[in-house]
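Colleague: I'm new to this one. Could you walk me through it, one question at a time?

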2 protein chains.
Amino acid sequence: METFSSRLLQAAVEEFSRLPGIGKKTALRLVLHLLRQEKEDVIRFSEAISRLRQEVIYCTQCHNISDQALCEICRSPRRDNTVICVVEDIRDVIAIENTGQFHGLYHVLGGIISPMDGIGPNDLAIDSLQQRVEKNKETIQEVILALSTTMEGDTTNFYLFKKLKPYHVGISVIARGIAIGDDLEYADEVTLGRSIINRTPYQNSLTK
Amino acid sequence: METFSSRLLQAAVEEFSRLPGIGKKTALRLVLHLLRQEKEDVIRFSEAISRLRQEVIYCTQCHNISDQALCEICRSPRRDNTVICVVEDIRDVIAIENTGQFHGLYHVLGGIISPMDGIGPNDLAIDSLQQRVEKNKETIQEVILALSTTMEGDTTNFYLFKKLKPYHVGISVIARGIAIGDDLEYADEVTLGRSIINRTPYQNSLTK
């Protein structure tokens with residue numbers, strides 16, 4: 001529908017507007033921004049993208065994004081290999097790493113069980129988690145399930161719980177409750193109810 | 001601050017977050033999206049960007065973005081070369097083209113006079129507009145100033161008016177008034193005042 005005076009411009013705008021959340025107008029704004037940048041900067045941008053897609057590999061142990069067969073976290077001698085935190089995707093690894101509160105290893109499932117979206121257990125890295133726990137059952141003491149607090153997350157938690165039960169490792173889920181800084185008034189009933197059931201001793205919350 | 005398990009990922013996220021209006025979180029979301037796409041699609045994206053920056057040229061006559069020395073609009077025999085519409089940037093050309101209401105040629109200034117941002121007349125394609133009007137003064141009947149309706153736009157309009165006055169071509173500015181579909185109640189006083197001063201005969205607005 002839009003008319004551009006240059007096929008190069010048209011192509012670049014079309015490519016950008018394929019990205020999620022980026023419409024034609026934003027795409028054009030980004031492309032015109034790139035046009036005003038130094039040539040080397042734009043080439044570096046373009047190469048960062050194509051190199052990432054072509055050279056990136058996934059950690060053979062935890063499926064996190066990596067530059068080598070084992071990712072930095074799995075390779076690190078400073079990480080606690082007795083705890084594995086199971087997450088949906090790479091973004092969750094980054095989010096948890098940024099809290100600075102977790103020093104164990106990860107396992108990236110690549111999604112959660114969601115029959116509505118046609119995602120079953122076989123589409124996820126669940127078998128590899130089971131094998132990993134089986135192989136390291138002498139070392140691993142705890143598996144933390146850090147999935148979305150949605151029905152799909154709960155379903156996946158339950159499925160993983162059943163799969164991992166035979167190995168006698170501790171299985172925990174991340175705490176659900178009122179977010180820090182939130183007003184009780186605006187919390188939904190389910191969260192508020194759970195936060196009362198799973199209350200922690202006062203001492204505990206002070207020392208954290 | 002953020003820790004990524006892959007330098008390739010880090011580089012791509014950093015590049016994306018340099019774009020205007022794109023923060024670290026959005027950058028990561030876009031990069032993870034690209035990672036899930038087919039390799040060929042990502043390479044095509046990357047190439048569209050680097051080719052654009054390396055191969056794009058600007059029309060020698062109107063400074064619009066182009067694939068050749070003269071842009072498609074300047075080359076077209078179907079465009080009315082008696083009217084030149086002066087705009088700030090390429091985006092305005094696209095916006096006006098999309099209205100389908102203008103069939104003349106353009107002149108892209110590359111900005112407007114803005115002493116606050118250190119942009120003076122010499123930073124803009126004003127000399128080339130003057131030369132263009134001088135060279136084609138037999139053909140050109142009207143120059144339409146379609147700049148922002150801001151103080152900077154008004155200043156630039158006045159500057160251009162003085163520069164072009166000697167050539168005895170018609171000089172007009174785009175109509176300012178109440179946007180179509182807008183409630184009078186919410187219009188600012190200056191716009192509303194101008195729209196009363198510059199009222200048009202009823203006939204005129206019916207036939208448009």
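Colleague: Which strands and helix are included in what covers the buried residues of α5(A)?

Modeller: Keep in mind that this is a predicted model. In α5(A), residues 90–99, the buried ones are Ile90(A), Val93(A) and Ile94(A). Their cover includes parts of both chains: from chain A come β2 (65–66), β3 (80–87) and β4 (104–108), and from chain B comes α2 (24–36).

Colleague: Why do Ile90(A), Val93(A) and Ile94(A) count as being on the same side of α5(A)?

Modeller: Start with the three buried residues, Ile90(A), Val93(A) and Ile94(A). Look at how they spread around the helix axis: they sit on the same side of α5(A) because they cover an arc of only 95 degrees.

Colleague: And which residue with a positive phi follows α5(A)?

Modeller: The helix itself spans residues 90–99 of chain A. Right after α5(A), with a phi near 70 degrees, comes Gly100(A).

Colleague: How many residues does each chain give to the contact, and which element gives the largest share on chain A's side?

Modeller: Chain A puts in 49 residues and chain B puts in 48. On chain A's side, the elements giving two or more residues are α1 (7–16), α2 (24–36), α3 (39–55), β2, α4 (72–75) and α5. With 14 residues, the largest share there belongs to α3(A).

Colleague: How many nonpolar, polar and charged residues does that side of chain A have?

Modeller: We're still on the part of chain A that touches chain B, to which chain A gives 49 residues. Sorted by class, there are 10 polar, 13 charged and 26 nonpolar residues.

Colleague: Over in chain B, which strands pair with β3(B), and in what sense?

Modeller: Take β4(B), residues 104–108, to begin with: 5 bridges join it to β3(B), residues 80–87, and the two run parallel. Along that pairing, Ile84(B) faces Leu105(B), and Val87(B) faces Val108(B). β3(B) also pairs with β5(B), residues 142–145, over 4 bridges, with Val83(B) opposite Glu142(B). So the partners are β4(B) and β5(B), with both pairings parallel.

Colleague: What handedness does the unit made by β3(B), α5(B) and β4(B) have?

Modeller: The two strands, β3(B) and β4(B), run parallel. Between them in the β-α-β unit is the helix α5(B), residues 90–99, and the unit is right-handed.

Colleague: Last one: how many of the residues of β4(B) are buried?

Modeller: A residue counts as buried with 20 or more other C-beta atoms within 10 Å of its own. By that cut-off β4(B) is mostly covered, and the count of buried residues is 4 of 5.

Definitions and conventions: Residues numbered from 1 in each chain as written. Chains lettered and ligands numbered in written order. Predicted model: local features only at pLDDT ≥ 70, side-chain atom pairs only at ≥ 80, totals over all residues. Right-handed = clockwise from strand over helix to strand, strands pointing away. Buried ≥ 20, exposed ≤ 12 C-beta atoms within 10 Å, placed from the backbone. Arc of directions from axis to C-beta. Contact = placed C-beta atoms within 7 Å. Nonpolar A, V, L, I, M, F, W, Y, C, P; charged D, E, K, R; others polar.
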